[in-house]
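Work through these exercises with the structure open beside you. Try each task before you read its solution.

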Amino acid sequence: NVELIPRAGWPIIDTAGAAAAAARLRERGKCISTLEGMGFRAGQGLIERFTKESPSFKDELDVMKFICKEFWTNLFRKQIDNLRTNHQGTYVLQDNRFRLLTPISNGKQYLEEAPKFLAFTCGLLRGALSNLGIDSAVTAEVSALPACKFHIVIQAS
C-alpha cells in the first residue's frame, strides 16, 4: 500500500511502503506463474492419457467439447456447466461450483485470493490444448465464489 503522509500541507509518498507493496506483488506474480507452469506440464501429460483411446478431433470446437466433458470430468468429477464461443477463437468455460474454490467459498474475504487457486487450472487447460496442437492464452475470472469462468483465446498460428 502506498501511504500518503501529510507534512507541512503537502502529501508525500511513503516510498518504503510502496517498495514493500511492489515486492509483495512481484512475489505473488512469481507464485502464480510457477503454479501455472506446473499446471501446464500436468495438463500436457493428462491429456495424452485421456485421449489415448479417443478418435481424432475434427476441429477446434470438437476439442473444446472434449475438454468440457471428458477432460473436466476426469479431473473434477463433473462437466463444465456452460461453454460459449464467438466462433472466432475465443471460448468461455463456466463452472458454477468449481471444486477447488468450494472450500473457500464461505467468505468474501477469499475472493481476492481466488487467482492462486485458479492459476494451476489455467495451466492445465493451456497444457492440454497445447498437446492437442492448439496454442492458447487462458485466464480465469471469479465474481462470486465458488463459480468461475475460464477464458481461452486461441493464438493465431
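**Exercise 1. Read the fold along the sequence, then count its elements.**

Step 1. In this predicted model, the order of elements along the sequence is β-β-α-α-β-β-α-β-β.
Step 2. The count is three helices and six strands.
Step 3. Now look at burial. Of the 157 residues in the protein, 31% are buried.
Step 4. Take the contacts between residues at least 6 apart in sequence. Of these, 55% join residues at least 24 apart.

**Exercise 2. Describe how helix H2 meets helix H3, and list the residues that make the contact.**

Step 1. Locate the helices. H2 covers residues 60–76 and H3 covers residues 114–131.
Step 2. Take the axes. They come within 12 Å and cross at roughly 130°.
Step 3. Classify the angle. An angle between 115 and 145 degrees is oblique, so H2 is oblique to H3.
Step 4. Give the hand. The crossing of H2 past H3 is right-handed.
Step 5. List the residues. H2 supplies Val63, Met64, Ile67, Phe71, Trp72, Leu75 and Phe76. H3 supplies Thr121, Leu124, Leu125, Ala128 and Leu129.
Step 6. Sort these residues of the H2 contact with H3 by type. The result is 11 nonpolar, one polar and no charged.

**Exercise 3. Take one residue from each helix, Phe71 of H2 and Leu125 of H3, and trace the contacts of each.**

Step 1. Start with Phe71, in helix H2. Its relative accessible area is 0%, so Phe71 is buried.
Step 2. Set aside neighbours within four places in sequence. Phe71 then contacts Leu46, Ile47, Phe50, Phe66, Leu124, Leu125 and Ala128.
Step 3. Check one of these across the sequence. Phe71 and Ile47 are 24 residues apart along the chain, and their C-alpha atoms are 7.2 Å apart.
Step 4. Move to Leu125, in helix H3. Leu125 has 0% relative accessibility and therefore counts as buried.
Step 5. Apply the same exclusion of neighbours within four places. Leu125 contacts Ile67, Phe71, Trp72, Leu93, Val138 and Phe150.
Step 6. Add a C-alpha distance. Leu125 and Ala137 are 12 residues apart along the chain and 9.3 Å apart by C-alpha.

**Exercise 4. Find the aromatic pairs around Trp72 and classify their geometry.**

Step 1. Search the whole structure. There are seven aromatic pairs.
Step 2. Take Trp72 with Phe76. The ring centres are 4.7 Å apart and the planes lie at 50°, so this pair is tilted.
Step 3. Place this pair. Trp72 and Phe76 are four residues apart in helix H2, which means a separation of about one helical turn. Both residues are buried.
Step 4. Take Trp72 with Phe150. Here the ring centres are 5.5 Å apart and the planes lie at 65°. Edge-to-face needs an angle over 60 degrees, so the Trp72 and Phe150 pair is edge-to-face.
Step 5. Place the second pair. Trp72 is in helix H2 and Phe150 is in strand S6 (residues 148–154), so the pair ties together parts 78 residues apart in sequence.
Step 6. Check burial. Trp72 is at 0% relative accessibility and counts as buried. Phe150 is also at 0% and counts as buried.
Step 7. Join the rings. Ring pairs link Trp72, Phe76, Phe98 and Phe150 into a cluster.

**Exercise 5. Check the backbone of Arg77 and His87, then the peptide bond that joins Leu145 and Pro146.**

Step 1. Recall the usual pattern. Most residues other than glycine have a negative phi, and most peptide bonds are trans.
Step 2. Check Arg77, in the loop between H2 and strand S3 (82–85). Its phi is positive, near 60°. At 69% relative accessibility, Arg77 counts as exposed.
Step 3. Check His87, in the loop between S3 and strand S4 (90–95). Phi of His87 is also positive, near 60°. With a relative accessible area of 65%, His87 is exposed.
Step 4. Check the peptide bond. Leu145 and Pro146 are joined by a cis bond, with omega about 0°.
Step 5. Place the proline. Pro146 lies in the loop between strand S5 (136–141) and S6.

Terms used. Residues numbered from 1 in each chain as written. Predicted model: local features only at pLDDT ≥ 70, side-chain atom pairs only at ≥ 80, totals over all residues. Heavy atoms only, no water. Axes fitted to C-alpha atoms, helices over the stretch in contact; angles between N-to-C directions. Helix = DSSP H or I, 4+ residues; strand = E, 2+ residues; numbered from the N terminus. Parallel < 35°, antiparallel > 145°, perpendicular 65-115°, else oblique. Left-handed = near helix turned anticlockwise from the far one by under 90°. Contact = heavy atoms within 4.5 Å. Nonpolar A, V, L, I, M, F, W, Y, C, P; charged D, E, K, R; others polar. Phe/Tyr/Trp six-rings, centres within 6.5 Å; stacked < 30°, edge-to-face > 60°. Buried < 20%, exposed > 50% of the residue type's maximum accessible area, 1.4 Å probe, protein only.
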